[in-house]
Amino acid sequence: MSAPVSAVAFIGLGNMGLPMAGNLVKAGFAVQGYDVFDAARAALAAVGGAACDSLAEALEAADVVVTALPAAAHVREAYLGDAGIVASSRPGALFIDCSTIDVDTARAVAAHAGAEGRRMLDAPMSGGVGGAAAGTLTFMVGGAADAFEAAQPTLGAMGRTILHAGPSGAGCAAKLCNNMMLAIQMIAVSEGFNLAEKLGLSAEALYAISSTATARCWSLNDYCPAPGPVPSAPSNRNYAPGFAAELMLKDLRIAMQAAQGAGAVTPLGAQATQIYAMMAAAGHGGDDFSGVIRFLDGKT
Ligand code: NAD
């Protein structure tokens with residue numbers, strides 16, 4: 001006899017959620033999806049999921065609820081509203097929120113879920129739309145160990161690397177710290193390559209040296225913002241994302257709010273936030289975040 005099919009409710013079928021839900025379908029889960037946009041629901045039906053007309057319908061019979069929503073306000077609304085996920089889901093259901101939101105909201109929503117007999121994990125992701133489509137996302141997970149174990153089959157169908165960061169909120173904390181470091185590194189690497197150009201040093205020569213020397217990091221080695229050295233990088237396709245600068249700006253703003261609230265000193269994080277805000281205001285928020293190299297050089 002084959003194992004019973006697990007029912008997963010997937011809420012938020014946008015750029016990330018739709019391909020993630022598609023991978024759950026491919027892995028054999030019965031996916032019941034809901035999004036406030038009609039077109040997103042239709043897209044789920046096209047990849048084999050059941051498109052539901054209401055949140056309540058999607059939650060019916062679901063043992064696991066996955067959410068991939070734009071921001072904290074949407075997460076609060078979806079989970080804590082009168083007919084929201086906490087109120088309308090099955091008792092004992094496991095919630096996995098993959099949205100990038102602030103730590104306080106993640107903890108508050110999880111505490112509310114816990115008080116109502118539901119387990120909840122914050123599981124923000126990295127890997128972008130490409131990783132979502134390929135099922136190779138990294139999930140940084142906060143919550144109780146037993147909930148983390150219970151989430152393995154679901155997360156494993158959507159991602160390759162699943163890391164337990166600690167208790168509730170730790171996944172969001174890890175995501176914000178990681179992306180603040182990434183933004184700062186990308187700007188640092190961009191400044192280095194811009195200076196090299198002015199000094200008559202080729203991008204290839206600097207790459208050959210720095211990618212094996214002390215400045216090496218992912219932004220340089222794997223995602224070089226200067227065109228040429230890393231063929232797969234967005235710098236070789238006119239900075240088409242990838243990971244858009246406006247999404248990096250969103251994460252930086254949450255990180256800066258967290259730093260302020262926690263009394264952490266993050267002057268470079270603040271500077272990176274300003275630079276990405278200026279890049280977005282100049283009309284380049286849709287460019288890949290590595291396009292900051294052009295913005296810094298006044299080339300855009
Ligand atoms: P998106 O805006 O494309 O999709 C979000 C979807 O949620 C939309 O279709 C929207 O209609 C739906 N939605 C909003 N409120 C809803 C509600 N109450 N009920 C049901 N549906 C609702 O966003 P995305 O790019 O898919 O990102 C989702 C999350 O993942 C965000 O928090 C983002 O920061 C994070 N993230 C995105 C990327 C990326 O590359 N796009 C990478 C890592 C993390």
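This report walks through the ligand site of a predicted model, then two backbone details.

## Where the ligand sits

Let's start with the big picture. The ligand's shell draws on both domain 1 (7–167) and domain 2 (173–296), so the ligand lies between the two. The space taken by the ligand is also the largest pocket. As for secondary structure, three elements each give two or more residues to the shell: α4 (72–80), α7 (128–134) and α13 (245–262).

## Who lines the site

There are 23 residues around the ligand, and the ones that come nearest are Asn15, Met16, Asp35, Leu69 and Lys250. Sorted by class, the shell is a mix: eleven residues are nonpolar, eight are polar and four are charged.

## Polar contacts and cover

Three of the nearest residues are worth a look for their contacts with ligand oxygens. Met16 uses its backbone here, with an N or O atom 2.8 Å from an oxygen atom of the ligand. Leu69 also brings in its backbone: one of its polar backbone atoms is 2.8 Å from a ligand oxygen. With Lys250, it's the side chain that takes part, placing a polar atom 2.8 Å from an oxygen atom of the ligand.

How much of the ligand's accessible area does the protein cover? On its own the ligand has 820 Å² of accessible area, and the protein covers 88% of that.

## Backbone oddities

Now for two spots to check in the backbone. The peptide bond running from Pro241 to Gly242 is cis, and its omega is near 10°. Gly242 belongs to the loop between α12 (218–221) and α13, and α13 is one of the elements that feed the ligand shell.

The other spot is Ala61, which has a positive phi of about 70° despite not being a glycine. You'll find Ala61 in the loop that runs between α3 (55–59) and β4 (64–67).

Methods: Residues are numbered from 1 along each chain as its sequence is written. This is a predicted model: local features need pLDDT of at least 70, side-chain atom pairs count only at pLDDT 80 or more; totals for chains, interfaces and linings use all residues. Side-chain values use heavy atoms; hydrogens and water are left out. A residue is near a molecule or strand if one of its heavy atoms lies within 4 Å of it. A polar contact is a pair of N or O atoms within 3.5 Å; within protein, one must be able to donate a hydrogen and the other to accept it, and residues adjacent in sequence count only if both atoms are side-chain atoms. Accessible areas come from the Shrake-Rupley method with a 1.4 Å probe; for residues, only the protein chains shown count as cover. On a 1 Å grid over the protein atoms alone, a cavity is a set of points where a 1.4 Å probe fits but cannot get out, and a pocket is an open set with protein on both sides within 12 Å along at least five of seven lines; lining residues have an atom within 4 Å of a point. A molecule sits in a cavity or pocket if more than half of its atoms lie within 2 Å of its grid points. Helices (H or I, at least four residues) and strands (E, at least two) are DSSP runs, numbered from the N terminus. Ala, Val, Leu, Ile, Met, Phe, Trp, Tyr, Cys and Pro count as nonpolar, Asp, Glu, Lys and Arg as charged, and the others, Gly among them, as polar. Domain bounds come from an automatic or database domain assignment.
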